[in-house]
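Dear colleague,

Please find below the structure that I am handing over to you. My notes on it follow, arranged by topic.

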Number of protein chains: 2
Amino acid sequence: MTGVNPETIRYYETQGLMPAPPRSGGGHRLYGQSHVKRLSFIRRCRELGFNLDEIRGLLELVDGGAYTCSEVLDQTRDHIADIRSKIRDLRKMERSLLDMASQCSGKDVPDCPIVEKLWNA
Amino acid sequence: MTGVNPETIRYYETQGLMPAPPRSGGGHRLYGQSHVKRLSFIRRCRELGFNLDEIRGLLELVDGGAYTCSEVLDQTRDHIADIRSKIRDLRKMERSLLDMASQCSGKDVPDCPIVEKLWNA
DNA sequence: TTTAATACCTGTAGCAACTACAGGTTCAAG
DNA sequence: CTTGAACCTGTAGTTGCTACAGGTATTAAA
């Protein structure tokens with residue numbers, strides 16, 4: 001239903017993100033609507049790049065019930081800053097690589113300027 | 001000299017990226033200029049986001065001595081594509097987060113629209 | 001020349017966030 | 001009632017390191 005692997009769900013249980021659900025007589029986990037919602041929440045957070053610790057924090061806010069916009073927005077802003085920093089790093093890599101690639105003929109010749117640059121920078 | 005942790009260098013040795021260097025009588029590793037160069041190469045590749053497998057590939061090309069521009073450029077282009085794909089993913093996250101954040105007052109009030117959206121999307 | 005501080009040595013375990021088994025049990029459909 | 005799938009627990013693997021523990025080597029100063 002959520003597109004999350006069963007093993008991942010059980011992993012979330014060990015990590016305290018998902019509650020231990022009731023079991024059938026034979027020991028199978030019996031999930032209800034609330035589990036589906038919670039797991040979907042976790043999945044959406046993961047898709048937005050939150051790590052499990054951050055998600056745990058968000059869940060604690062929600063579970064506590066007494067969260068405020070300001071708390072949530074602070075976390076969100078921090079996370080946006082993280083993402084931007086990652087983007088900056090990647091763009092820097094991209095620029096360097098494009099720069100090196102532009103010096104390279106790409107032909108069937110030895111002594112590539114890319115290798116040269118990496119080796120002797 | 002290279003800014004790489006000793007433990008990381010030894011790790012690279014176990015992973016076949018760095019050769020086993022000669023040892024002193026007492027068993028200490030004795031590195032020479034060639035090791036410094038190779039390690040610097042690895043470090044620069046890491047900074048450009050290549051993983052150890054890709055670096056192993058590049059080193060094999062270089063060690064073989066018979067590499068061509070076309071081989072190196074192919075690898076580089078693949079890697080640029082990877083980086084761009086990561087950037088796209090991050091920008092998508094950023095957009096979603098900014099969108100959600102813009103709906104949130106950030107004040108000391110309950111019922112945050114960010115949580116609402118994550119919980120009920 | 002001794003000694004003390006530092007840097008090295010090996011081997012193992014830990015981090016994140018899962019994934020992939022092995023070896024066994026339970027469930028649901030036919 | 002059987003059979004095949006999905007579940008169960010527990011452990012080990014993935015990536016790229018980092019952090020010990022417990023011991024040895026080196027080196028600079030006294």
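In which loop of chain B does B:His28 lie? B:His28 is placed in the loop that joins helix 1 (6-14) and helix 2 (33-47) of chain B. Please bear in mind that this is a predicted model. B:His28 counts as exposed, at 60% relative accessibility. Apart from neighbours within four places in sequence, B:His28 is in contact with B:Pro22 and B:Arg23.

The two copies

Laying chain A on chain B takes a turn of 180° and a shift of 0.0 Å along the axis, and the resulting RMSD is 0.1 Å. The two copies are thus related as by a two-fold rotation axis. Which residue of chain A comes closest to that rotation axis? That residue is A:Ile87, whose C-alpha lies at 2.9 Å. Of the interface residues of chain A, 100% are also interface residues in chain B, so the copies meet through the same surface.

Domains of chain A

The domain assignment divides chain A into domain 1 (1-51) and domain 2 (68-121). Between the C-alpha centres of domain 1 and domain 2 of chain A there is a distance of 35 Å.

Helix 2 of chain A against helix 5 of chain B

The axes of helix 2 (residues 33-47) of chain A and helix 5 (residues 113-120) of chain B come within 7 Å and cross at roughly 110°. These two helices are therefore roughly perpendicular to each other, as angles of 65 to 115 degrees are counted in this way. On the side of chain A, helix 2 contributes A:Lys37, A:Arg38, A:Phe41, A:Arg44 and A:Cys45 to the contact, while helix 5 of chain B contributes B:Lys117, B:Leu118, B:Trp119 and B:Asn120. By character, the residues of this contact divide into four nonpolar, one polar and four charged.

A:Leu59 touches residues of both of these helices, among them A:Arg38, A:Phe41 and B:Trp119. A:Leu59 itself is located in helix 3 (residues 52-64) of chain A. With a relative accessibility of 2%, A:Leu59 counts as buried, because the limit for that term is under 20%. Not counting residues up to four places away in sequence, the contacts of A:Leu59 also include A:Leu17 and A:Ile42. A:Leu59 and A:Ala101 are 42 residues apart along the chain, and their C-alpha atoms are separated by 45 Å.

Helix 4 and its partners in the other chain

Two buried residues of helix 4 deserve a mention, one from each chain. A:Ile80 belongs to helix 4 of chain A and is buried, with a relative accessible area of 6%. Leaving aside neighbours within four places in sequence, A:Ile80 is in contact with B:Glu94, B:Leu97, B:Leu98 and B:Ala101. A:Leu48 is 32 residues away from A:Ile80 along the chain, and the two C-alpha atoms are separated by 9.6 Å.

B:Thr76 is part of helix 4 (residues 69-102) of chain B. Is B:Thr76 buried or exposed? B:Thr76 is buried, its relative accessible area being 2%. With the same sequence neighbours left aside, B:Thr76 is in contact with A:Leu97, A:Ala101 and A:Ile114.

The loop between helix 4 and helix 5

In chain A, the loop between helix 4 (69-102) and helix 5 (113-120) holds A:Asp111. A:Asp111 has a positive phi of about 55°, although it is not a glycine. Most residues other than glycine have a negative phi. A:Asp111 is exposed, with a relative accessible area of 61%.

B:Asp111 is found in the loop between helix 4 and helix 5 of chain B. For B:Asp111 too, which is not a glycine, phi is positive, near 60°. The relative accessible area of B:Asp111 is 63%, and the residue is exposed.

The loop between helix 4 and helix 5 of chain B is also the place of B:Asp108. B:Asp108 is exposed, with a relative accessible area of 65%. Leaving aside neighbours within four places in sequence, B:Asp108 is in contact with A:Thr68 and A:Ser70. B:Asp108 and B:Arg88 are 20 residues apart in sequence, and the distance between them in space is 34 Å, C-alpha to C-alpha.

With kind regards

Conventions:
Residues are numbered from 1 along each chain as its sequence is written. Chains are lettered from A and ligands numbered from 1 in the order in which they are written. This is a predicted model: local features need pLDDT of at least 70, side-chain atom pairs count only at pLDDT 80 or more; totals for chains, interfaces and linings use all residues. Side-chain values use heavy atoms; hydrogens and water are left out. Domain bounds come from an automatic or database domain assignment. Helices (H or I, at least four residues) and strands (E, at least two) are DSSP runs, numbered from the N terminus. Buried means under 20% relative accessible area, exposed over 50%, partly exposed in between (1.4 Å probe, protein chains only). Contact means heavy atoms within 4.5 Å. Axes are lines fitted to C-alpha atoms, for helices over the stretch in contact, and angles run from 0 to 180 degrees between N-to-C directions. Angles under 35 degrees count as roughly parallel, over 145 as roughly antiparallel, 65 to 115 as roughly perpendicular and the rest as oblique. Ala, Val, Leu, Ile, Met, Phe, Trp, Tyr, Cys and Pro count as nonpolar, Asp, Glu, Lys and Arg as charged, and the others, Gly among them, as polar. Copies are superposed by least squares on the C-alpha atoms of residues with pLDDT of at least 70 in both.
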